[in-house]
Amino acid sequence: MTTDTEEPTLTIDQLAARSGLTVRTVRFYGTKGLLPPPVLGPRRVGRYGREHLARLALIEELQHQGMTLAAIERYLDRLPADLTARDLAVHRAMVSSWSPDAAETLAREELQRRAGRPLEERDLDRLAAMGVVERTGHAYRVDLGLLRLGVELLDVPLSQEAILAARGVLLGHARAAAHELTWLLRGEVSDRDAHDVRSLSAHMQPLVVQALLTAFQRSLREELGIWLKGTRPEQPGEQSTGDAPTA
């Protein structure tokens, strides 16, 4: 299994090739402070790692959403300095979700290039189970917003059944939250035209997604803390007896 603590091994040429950018663009991002400096290796050759690659992907996604470099700089400044490549991939997936359609149909060779690694049949099956790719004949319909995160999850030791179950849980809660939030918004824009509704949605969506992500991360940390302390987690639909009111 790969980890986020691997030593940086990519030269700037390799980093540019993996990210699909030019060396000039990578250097430009570095001079603007958008990309952390490389680790200096033997002969003072700069080496880049997975965090650099993930940050470049996030920058490109932010640009795709129409943000200026100044706005991207402000966005990155608000992020914790110790984010791992996996954390950055989550942020990129969140940003990509603002786009109405982030899917493309790719040949297998191009899919592997975008993924940054060879993909075996079992890898493709797992990505399909996660909803990242969908086979369409000899090509693949790919959710680009989830691709990097999905590739990272390939190295997590979860069965395909567990991935499918987890996806079902997440989709169910996401749909329920979207339904309730939509009803709240309707109360605010009931007398407005369609343009106002779309405008409010466009402004609210990034804020709502970020709020949901933050709430989920905090809740997950709490649940993992309970688990590691040896307390049996409460099952869905199960009522705790410890806090039950007394007659």
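Where is the place of phenylalanine 216? Phenylalanine 216 sits in helix H10. The model described here is predicted.

The protein has 10 helices and 5 strands. Its chain holds 247 residues, and buried residues make up 28% of them. The protein exposes about 16,300 Å². Carbon and sulfur atoms supply 56% of that area. Contacts between residues at least 6 apart in sequence were also examined. Of these, 64% join residues at least 24 apart.

The surface was considered next. Phenylalanine 216 has a relative accessibility of 44%. It therefore counts as partly exposed, since that class lies between the 20% limit for buried and the 50% limit for exposed. Phenylalanine 216 also belongs to a nonpolar patch on the surface. The other members are Leu170, Leu220, Leu224 and Trp227. Together, the five residues of the patch have about 520 Å² of accessible area. Helix H10 spans residues 194-228. This helix gives the most to the patch, with 4 residues.

The interior comes next. The largest nonpolar core has 26 residues. Leu15, Val26, Leu58, Tyr75 and Leu76 have the most contacts inside this core. Five helices each supply at least two of the core residues. They are H1 (12-19), H2 (23-31), H3 (50-64), H4 (69-77) and H5 (85-96). Helix H3 gives the most, with 6 residues. The contacts of leucine 76 were listed without its neighbours within four places in sequence. On that basis, leucine 76 is in contact with Leu34, Arg55, Leu58 and Ile59. A second core is separate and has 17 residues. Among them are Met130, Val132, Val151 and Leu154.

Strand pairing was then traced through E5, which covers residues 139-143. Strand E3 covers residues 103-107. E3 and E5 run antiparallel and are joined by 5 bridges. Within this pairing, threonine 105 stands opposite arginine 141 in E5. Strand E5 also pairs with strand E4, made of residues 133-136. This pairing is antiparallel too, and it extends over 4 bridges. Here threonine 136 stands opposite alanine 139 of E5. What do E4 and E5 form, and how many residues lie between them? The two strands form a hairpin, with 2 residues between them. Glycine 137 lies in the turn and has a positive phi of about 70 degrees.

Charged side chains complete the picture. Side chains of opposite charge can pair when their charged atoms come close. The count of salt bridges in the model comes to 8. In one of these, the side chains of glutamate 104 and arginine 114 meet, with an N to O distance of 3.3 Å. Glutamate 104 lies in strand E3, whereas arginine 114 lies in helix H6 (residues 108-115). The pair therefore ties together parts that are 10 residues apart in sequence. Both partners count as partly exposed, because glutamate 104 has a relative accessibility of 33% and arginine 114 one of 26%.

Arginine 114 also forms a salt bridge with glutamate 110. The closest N and O atoms of that pair are 2.8 Å apart. Why are glutamate 110 and arginine 114 separated by about one helical turn? The reason is that they are 4 residues apart in helix H6. Glutamate 110 is partly exposed, at 24% relative accessibility.

A further salt bridge links arginine 135 and aspartate 125, at 3.1 Å from N to O. Arginine 135 lies in strand E4 and aspartate 125 in helix H7 (residues 121-129), so this pair ties together parts 10 residues apart in sequence. Arginine 135 is partly exposed, at 38% relative accessibility. Aspartate 125 is partly exposed as well, with a relative accessible area of 34%. Which residues are joined into one network by salt bridges that share partners? The network consists of Glu104, Glu110, Arg113 and Arg114.

Conventions
Residues numbered from 1 in each chain as written. Predicted model: local features only at pLDDT ≥ 70, side-chain atom pairs only at ≥ 80, totals over all residues. Heavy atoms only, no water. Patch = residues over 30% accessible without salt bridge, like charges linked within 9 Å, V, L, I, M, F, W, Y side chains within 5 Å. Areas by Shrake-Rupley, 256 points an atom, 1.4 Å probe, with all protein chains shown as cover. Salt bridge = Lys/Arg side-chain N within 4 Å of Asp/Glu carboxyl O. Buried < 20%, exposed > 50% of the residue type's maximum accessible area, 1.4 Å probe, protein only. Core = buried A, V, L, I, M, F, W, Y, C linked by side-chain atoms within 4.5 Å. Contact = heavy atoms within 4.5 Å. Pairing = 2+ DSSP bridges.
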